[in-house]
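Here's a quick tour of a fold, written for someone who'd rather poke at the coordinates than read a long preamble. Have the viewer open and follow along.

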Amino acid sequence: MKLTLARFYWPAEALVEALDFPDVVQSEAGSVSVSIIDIPLTHKSINALLTPPFYLEQWFQEQGLYLDTLCGVVIDNYYPPEHPDSSKIRRVFCLLADELDVIPIINKNDLSDSTQWEHFIEQVSVLHEFNQLLNETLTAHRLIEFHTRYKMLFLAHSQPAYRQLGPLIAQIKHEPSLHDFAHQYRQHFMRLLRYPATVQNHTNVVMHLQGYFRKKVSDEARQQLTILIHQYRLGEISLQAVKHQLRLLQEAAPHGWLAQQRYLYPWFIEYDL
């Protein structure tokens with residue numbers, strides 16, 4: 001499998017630095033090779049992008065990129081912030097962030113920020129798994145399975161947007177084109193994932209998952225999880241500590257629905273965010 005990212009850098013003559021990104025990531029389905037395509041931006045290409053109407057798909061194709069296979073965009077500006085041309089790259093970022101709602105986008109400097117990096121790689125991971133689904137024989141059953149796997153992850157990002165996805169997926173058997181529906185669904189859940197997950201939403205999710213172990217594990221084990229959730233809500237421990245305890249309970253009292261939740265078992269297995 002392959003993961004394709006694009007790095008747009010500016011100015012075109014800049015000596016670009018290597019991105020701190022792994023060459024290979026491990027997914028649930030095996031190794032994924034990472035390909036980063038460097039695209040220099042010129043005044044001509046930027047002006048073409050920023051001139052309405054915005055034909056983003058056509059513009060990307062002119063750069064040798066296809067939105068159905070691209071999983072992320074990195075914007076790399078080598079001008080200092082006070083340079084007059086820095087404003088152009090900021091406009092490019094804002095335009096892509098507003099209009100290109102299917103593809104995760106991040107500034108290169110933000111890759112060093114753990115919170116923004118985790119948000120970016122999570123979106124990349126979800127999109128990569130879905131794109132693999134599009135490359136296989138597409139069925140309504142497979143789309144419903146995908147939605148089921150990601151319910152808790154979607155809920156952690158936005159409860160209102162999550163509630164809109166349910167009725168959408170419920171109409172799947174009445175859609176005349178499964179291909180068109182899949183692209184519409186992808187646009188919706190990628191928009192949802194742009195909302196940063198919050199402590200409150202994570203707390204609601206892990207408390208929901210805790211309910212699956214009622215009467216299945218000891219009172220002591222459930223009490224320990226309750227304490228961890230409380231400590232997480234107060235900022236005393238990480239979310240990973242709570243997820244680790246949930247996975248231990250899942251091993252002790254297996255539940256089929258929990259076993260497939262990407263919230264606990266992500267597609268990119270080394271990125272437990």
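## The largest pocket

Let's start with the largest pocket: 14 residues line it, and Thr115, Glu118, His119, Ala197 and His202 are the ones that lie nearest its centre. Keep in mind that this is a predicted model. The volume of the largest pocket comes out at about 350 Å³.

Which helices build the wall? At least two lining residues each come from α4 (114-135), α9 (199-210) and α11 (239-252). The largest share belongs to α4, with 5 residues. If you're wondering about the chemistry, the lining splits into 7 polar, 5 nonpolar and 2 charged residues.

## Two residues on α4

Besides its share of the pocket lining, α4 carries a couple of residues worth a click. Gln123 sits in this helix, and at 7% relative accessibility Gln123 is buried, because the cut-off is under 20%. Setting aside residues up to four places away in sequence, Gln123 touches Pro104, Met190, Leu193 and Arg194. Two of those names, Met190 and Leu193, come back below among the buried residues of α8.

Ser125 is also part of α4. Is Ser125 buried or exposed? With a relative accessible area of 7%, Ser125 is buried. Not counting neighbours within four places in sequence, the contacts of Ser125 are Tyr150, Trp267 and Phe268.

## Helix α8

Next up is α8, which runs over residues 178-193. Its 16 residues reach 22 Å from first C-alpha to last, close to the 22 Å you'd expect at 1.5 Å a residue.

The buried set in α8 consists of Phe181, Ala182, His183, Tyr185, Arg186, Phe189, Met190, Leu192 and Leu193. What do they pack against? The partners are α4, α5 (140-149), α6 (151-157) and α7 (159-170).

## α1 and α3

Helix α1 covers residues 43-50, and its buried residues are Ser45, Ile46, Leu49 and Leu50. These four sit on the same side of α1, because they cover an arc of only 125 degrees around the axis. That fits the usual helix arithmetic: an α-helix has 3.6 residues a turn, so residues three or four places apart point the same way. The buried residues of α1 pack against β1 (2-10), α2 (56-62) and α3 (86-99).

Over in α3, the 14 residues should span 20 Å at 1.5 Å a residue, and the end C-alpha atoms are indeed 20 Å apart. Buried here are Ser86, Lys88, Ile89, Val92, Leu95 and Leu96. The buried residues of α3 pack against two helices and three strands by name: α1, α2, β1, β4 (70-77) and β5 (105-107).

## Ile106 on β5

Strand β5 holds Ile106, which counts as buried at 3% relative accessibility. What does Ile106 touch, leaving out residues up to four places away in sequence? The list is Val73, Val74, Ile75, Phe93, Leu111, Gln116, Trp117 and Phe120.

Ile106 also has a distance worth noting: Asp76 is 30 residues apart from Ile106 in sequence and 9.0 Å apart in space, C-alpha to C-alpha.

## Backbone oddities and loops

If you plan to check the backbone, look at the cis peptides. Trp10 and Pro11 are joined by one, with omega at about 5 degrees, and Pro11 is in the loop between β1 and β2 (24-27). Another cis peptide bond links Pro52 and Pro53, where omega is about -5 degrees; Pro53 belongs to the loop between α1 and α2.

Then there's Lys215, a residue other than glycine with a positive phi, near 70 degrees. Lys215 lies in the loop between α9 and α10 (219-233) and is exposed, at 81% relative accessibility. Ala18, in the loop between β1 and β2, is exposed too, with a relative accessible area of 71%. For a sense of scale, Ala18 and Ala252 are 234 residues apart in sequence and 44 Å apart in space, C-alpha to C-alpha.

Note on methods:
Residues numbered from 1 in each chain as written. Predicted model: local features only at pLDDT ≥ 70, side-chain atom pairs only at ≥ 80, totals over all residues. Heavy atoms only, no water. Buried < 20%, exposed > 50% of the residue type's maximum accessible area, 1.4 Å probe, protein only. Arc of directions from axis to C-beta. Contact = heavy atoms within 4.5 Å. 1 Å grid on protein atoms, 1.4 Å probe; cavity = no way out; pocket = protein on both sides within 12 Å on 5 of 7 lines; lining within 4 Å. Points joined across faces, edges and corners; volume = space filled by probe spheres on them. Nonpolar A, V, L, I, M, F, W, Y, C, P; charged D, E, K, R; others polar. Expected span 1.5 Å × (residues − 1).
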